[in-house]
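Okay, thanks everyone for coming. I'll put the structure up, and then we'll walk through it together.

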Amino acid sequence: MSYLEYAVKSTPTGFRKFLYMNWPLTLLLISVASAGFLMLYSVAGGSWMPWAEPQIERFGLGLTVMFIIALVPIWFWRNMSVLAYLGSIVLLVFVELFGTIGMGAQRWIDLGFMRLQPSEVMKVALVMVLAAYYDWLPSHKTSRPLWVLIPVVLILIPTAMVLKQPDLGTSILLLAAGGGLMFLAGVHWAYFAAVIAAVVGLIATVFNSRGTEWQLLKDYQFRRIDTFLDPSTDPLGAGYHITQSKIALGSGGWNGRGFMQGTQSRLNFLPEKHTDFIFTTLAEEFGFVGGITLLTLYGLILIFCLVTALSTKDRFSSLVTLGIALNFFLFFAVNMSMVMGLAPVVGVPLPMVSYGGSAMLVLMAAFGIVQSAHIHRPR
Amino acid sequence: MKQRNPKSQGLAYKRLPRRALILGGLQAAFIGGLAARMRFMQVDQADEYRLLAEENRINIRLIPPTRGRIYDRNGQIIGQNTQSYRIVMVREDAGDVDEVISNLSDLIPLTQDEIDRAKAEMRRSAPFLPVTLADQVTWEDISKVAVNAPALPGVTPEVGTARLYPRYEDFAHVVGYVGPVSDYDLSQIEDPEPVLRIPRFQIGKVGLEAKQEITLRGKAGAKRVEVNATGRVMRELDRQEGEAGADLQLSVDADLQQYAQARLAGESAAAVVIDCETGDIRAISSAPSFDPNLFVRGISVADYRTLTQDNYRPLANKTVQGTYPPGSTFKMITAMAALEAGVVAPGSTVYCPGHLKVGSRRFHCWKRGGHGTVDLNLSLKRSCDVYYYDVALRTGIDNISEMARTFGLGVKHDIPMSAVAAGLAPNQEWKERVHGESWLVGDTANASIGQGFMLASPLQLAVMTARIATGRAVKPRLVRSVNGVEQLSGAGEPLAVNPANLEHIRKAMFSVSNDRGGTAYRSRIIADDLRMAGKTGTSQVRNITKAERAAGVIRNEDLPWERRDHALFVSFAPYDNPKYAVAVVVEHGGGGSKAAAPVARDIMLQALYDGTPPLEAYPVGDRERIREQQKRLEGDRRPKARPTEKERA
């Protein structure tokens, strides 16, 4: 516990802040992103274009954003939380009205140089606002019904809006992250037990609604669930993605087929090989060893976030760090479960690895907050 | 710096590290689960997934084999493979499909039907797959497309092979034709080779092409290609060349065949020429015939209807498939049976008053007044019926039937042609088995002159004649060599008959076509070393009623065509050293001496001289007429097909 007890009497200032950053976390992020560049280079058939190069540029931008945010004191970010939350809500409304329609859902705002996905921003903003809320709330009120209702509403508003896009995957992630944060904040067990019971009931209702007038999910969502439950029924149709993904992943074996030798991804059997299914390519080309390595890197990122959270005495810092780590965990856990056939195909990218600008930028910004919490932790 | 509210008191705050560790623990457990799943898939089940991946990736494409070619005995090509051109279009290269097609139809003739079919196919198939727009395109059209290539993106000419029969009608019945494999064909074959499932793959449908399909087809090669998810070939991994089909050389002489076909033209008739020494079929013509190339391309409904509705049945192969009552050509068999049975001697005589009473029924001789006293030689020369009624009754049907089989009647000859008929040489047992009635003496009388139940194909008659001529069990041979390997000769073993008896028969046959008064005297050959022996036959296809006989038998010319008698003639030559046996059947041709014998003689001479015979071989009085006929036939004969002999070299 020596590291946890490591104490600096005063908050560092100026360039000294760099020295007090969570460097292991920074290095881990760079290594994970580098694995992503390698895979993007590979799936493009050994070319930096069209994916790897833009991704590197964006990561550079993301790193810069992370440093800038890290240098700003954490209490500033706490004060910005409500604004961030409200801003994200506005963005969600905006995307609802003017957003670009892609893949059957309204998700993006085209900013010209990149496409902003407000639901991604909301993931971080929600964590921030909840952390600020529990930072503000006197702790003896934490489990009182009225004071539990407020964060629940804060969670449900964006969740509902994302669900309406419709983006089932992200809305579930929002719920899980928000719920997780409430759990961390110390809300009483009974609430969670009640919610879990309610969710089970809801799932049953959703399934019963199928085919009726008040059907709660779109047909494609039901189909995704169906094919998840039994992909073999329709190997060339709806179950195609899962089946092909499993074939590619399984055929990687212990050592993999070697860099750029993954036949399944190179021959286009894999769908979305540069985004949602990039882990499959990695697992095909580098095998079990490569997959475990990436998983370990992810695990280490979580551990270093936990270290930051537990080494600070500031409640907001702890909560926001853990919330961001939880978000990050949910990202890769859902994505990996999906490509391994453990979860339905919900369209969640692999964090820091999948091609895509806005998710990475938002994540880097979020890690900037984690870094800021680490630098400015009261000791 | 703002003073932070530590909020270090209270229950909730204390919970944070604990709950953080709980949540972290859950996350760690989940990560462990993911790792276990990964291990399960990538280590435990890796082999299964590896196999699935290979199946995904590798596709086996067949390379269709080149079909074997068919030559005549002198190396003239009968069935060959030619390059055929077609125009294909790749949708993804074409851009605006409609515009390109309209450009193309300005250049070459395209039917709306072809366009619609191609468009429908394009909608169904992957955008990078070529779709055939026009098949069997001429070279000029191909050139036009090539020249205008810039205006026709995605359109390319492709070369394939197609079967061509350069001898057209001449070999339609022998060689048959090929056509694309149909669902019916597939259903007929047990465990069909995969090559048969190649679209547009052609197999033999009829005739030699069908019977020798396996020999001609060869073995398909295969190439393993790597394909991507949409089926596009990325590269070829390896290739195993197939084996081309074997070339067949027929025993048939294409020029003689052509002559026979031309000589039969206008009749519904068949002619077979057999080499007595080897059993080689030198010519086997069925008239009228048809152009097999029509079937290769896919015959039009109108053309097909014309063929099927013709009374002369051009699609029927009369040489092996058609069976006819052999009529008087059967008399040699009856005579042989009687001689072998010892019931008659060559010199013993029978009196012919014009009829013979058998049981309660009168059997008439064709000559109303009768032939008077006849012996074997005279009976055959004049074709007296009563003589044969008489000796047959003494010989018995079973002996006659046995003798017929010895000479190849009533048995199916093994030659690779479609629907080879066995004919019929009936005996007592047969009638009881098939008709459930006992054999009557009247049946024997009918059978003795090749009427009644007796049936033979022209091929069988030719084989019979060759066996009479040589005394050996000559077997017909159609395929002389396969890929240059000579096939078994059809010379055959000596027959189990007394050669002296056979010599009597041959002598009598000589009289038929060389002695004044012989039924085929007018169709004799006068070249001394090429003298022909033969026998006419006229087989009834109707019963002559008592009333009609009383009123005078109606002459053939006055009957409707389909009720006239069949005219037959069998012969061999040269008499001293038999080289060829010829059988000719002219359906409803009338008398054998008039309708069949001259045809057989002409074909025989053509064979003997291996080309147009000199007029000196013909009787003096006929020469002028024959010269005219030769000139006419020469004009009729189709010019030789386009020169594609490069292939043979």
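I'll start with the two chains, go on to some helix packing in chain A, then the contact between the chains, and finish with a few backbone details in chain B.

One thing up front: this is a predicted model, so please hear everything I say with that in mind.

So, chain A. It has 379 residues, and 50% of them count as buried. The secondary structure comes to 15 helices and three strands. If you take the contacts with a separation of 6 or more, 70% of them in chain A are between residues 24 or more positions apart.

Chain B has 649 residues, with 44% of them buried. Here we have 24 helices and 21 strands. The corresponding share of contacts between residues 24 or more positions apart, again out of those with a separation of 6 or more, is 73% in chain B.

Right, helices in chain A. Let me use α15(A), residues 357-375, as the anchor. Does the length make sense? With 19 residues at 1.5 Å a residue, the helix should span 27 Å, and the end C-alpha atoms are 26 Å apart, so that agrees. And 18 of those 19 residues are buried, so α15(A) is largely enclosed by the rest of the structure.

What packs on it? One neighbour is α14(A), residues 315-339, at an angle of about 150° to α15(A), with the axes 9 Å apart. Over 145 degrees counts as roughly antiparallel, so that's what we call α14(A) and α15(A). The crossing is left-handed. On the α14(A) side, the contact is made by A:S317, A:V320, A:T321, A:I324 and A:F328. On the α15(A) side you have A:L363, A:A366, A:F367, A:I369, A:V370 and A:A373. If the spacing of those numbers looks familiar, remember that an α-helix has 3.6 residues a turn, so residues three or four places apart point the same way. By class, that contact of α14(A) with α15(A) comes to nine nonpolar and two polar residues, with no charged ones.

Another neighbour is α6(A), which packs against α15(A) at about 15°, with the axes again given as 9 Å apart. That angle makes α6(A) and α15(A) roughly parallel, and the crossing here is right-handed. From α6(A) the contact uses A:E120, A:V121 and A:V124, and from α15(A) it uses A:S358, A:A359, A:V362, A:A365 and A:A366. This one has six nonpolar residues, one polar and one charged. Notice A:A366, which is listed in the contact with α14(A) and in the contact with α6(A).

Now stay on α6(A), residues 118-136, and look at α7(A), residues 145-164. These two pack at about 175°, with their axes 10 Å apart, so they're roughly antiparallel. The α6(A) side is A:S119, A:M122, A:L126, A:V129, A:L130 and A:Y133, facing A:I150, A:P151, A:L154, A:I155, A:P158 and A:V162 of α7(A). That contact divides into 11 nonpolar residues, one polar and no charged.

Okay, on to where the chains meet. How many residues does each chain put into the contact? It's 40 from chain B and 47 from chain A. On the chain B side, α1 (11-44) and α2 (46-57) each supply at least two residues. The largest share comes from α1(B), with 21 residues. By class, the chain B side has 21 nonpolar, nine polar and 10 charged residues.

Moving away from the contact, have a look at α11(B), residues 254-264. All told, 11 of its 11 residues are buried, so α11(B) is largely enclosed by the rest of the structure. It's followed by B:G266, which has a positive phi, near 95°.

Last bit, the backbone oddities. As background, most residues other than glycine have a negative phi, and most peptide bonds are trans. B:Y168 is not a glycine, yet its phi is positive, about 45°. It sits in the loop between β5 (155-164) and α7 (172-175) of chain B. With 18 C-beta neighbours inside 10 Å, B:Y168 counts as partly exposed.

And the cis bonds: B:A287 to B:P288 has omega of about -10°, and B:A573 to B:P574 is near -15°. B:P288 is in the loop between β12 and α12 of chain B, while B:P574 is in the loop between β20 and β21.

That's my tour, happy to take questions.

How values were computed:
Residues are numbered from 1 along each chain as its sequence is written. Chains are lettered from A and ligands numbered from 1 in the order in which they are written. This is a predicted model: local features need pLDDT of at least 70, side-chain atom pairs count only at pLDDT 80 or more; totals for chains, interfaces and linings use all residues. Helices (H or I, at least four residues) and strands (E, at least two) are DSSP runs, numbered from the N terminus. A residue is buried if 20 or more other C-beta atoms lie within 10 Å of its own, exposed if 12 or fewer, and partly exposed in between; C-beta atoms are placed from the backbone. Two residues are in contact if their C-beta atoms, placed from the backbone, lie within 7 Å. The expected span of a helix is 1.5 Å times one less than its number of residues. Axes are lines fitted to C-alpha atoms, for helices over the stretch in contact, and angles run from 0 to 180 degrees between N-to-C directions. Angles under 35 degrees count as roughly parallel, over 145 as roughly antiparallel, 65 to 115 as roughly perpendicular and the rest as oblique. A crossing is left-handed if the near helix is turned anticlockwise from the far one by less than a right angle, and right-handed if clockwise. Ala, Val, Leu, Ile, Met, Phe, Trp, Tyr, Cys and Pro count as nonpolar, Asp, Glu, Lys and Arg as charged, and the others, Gly among them, as polar.
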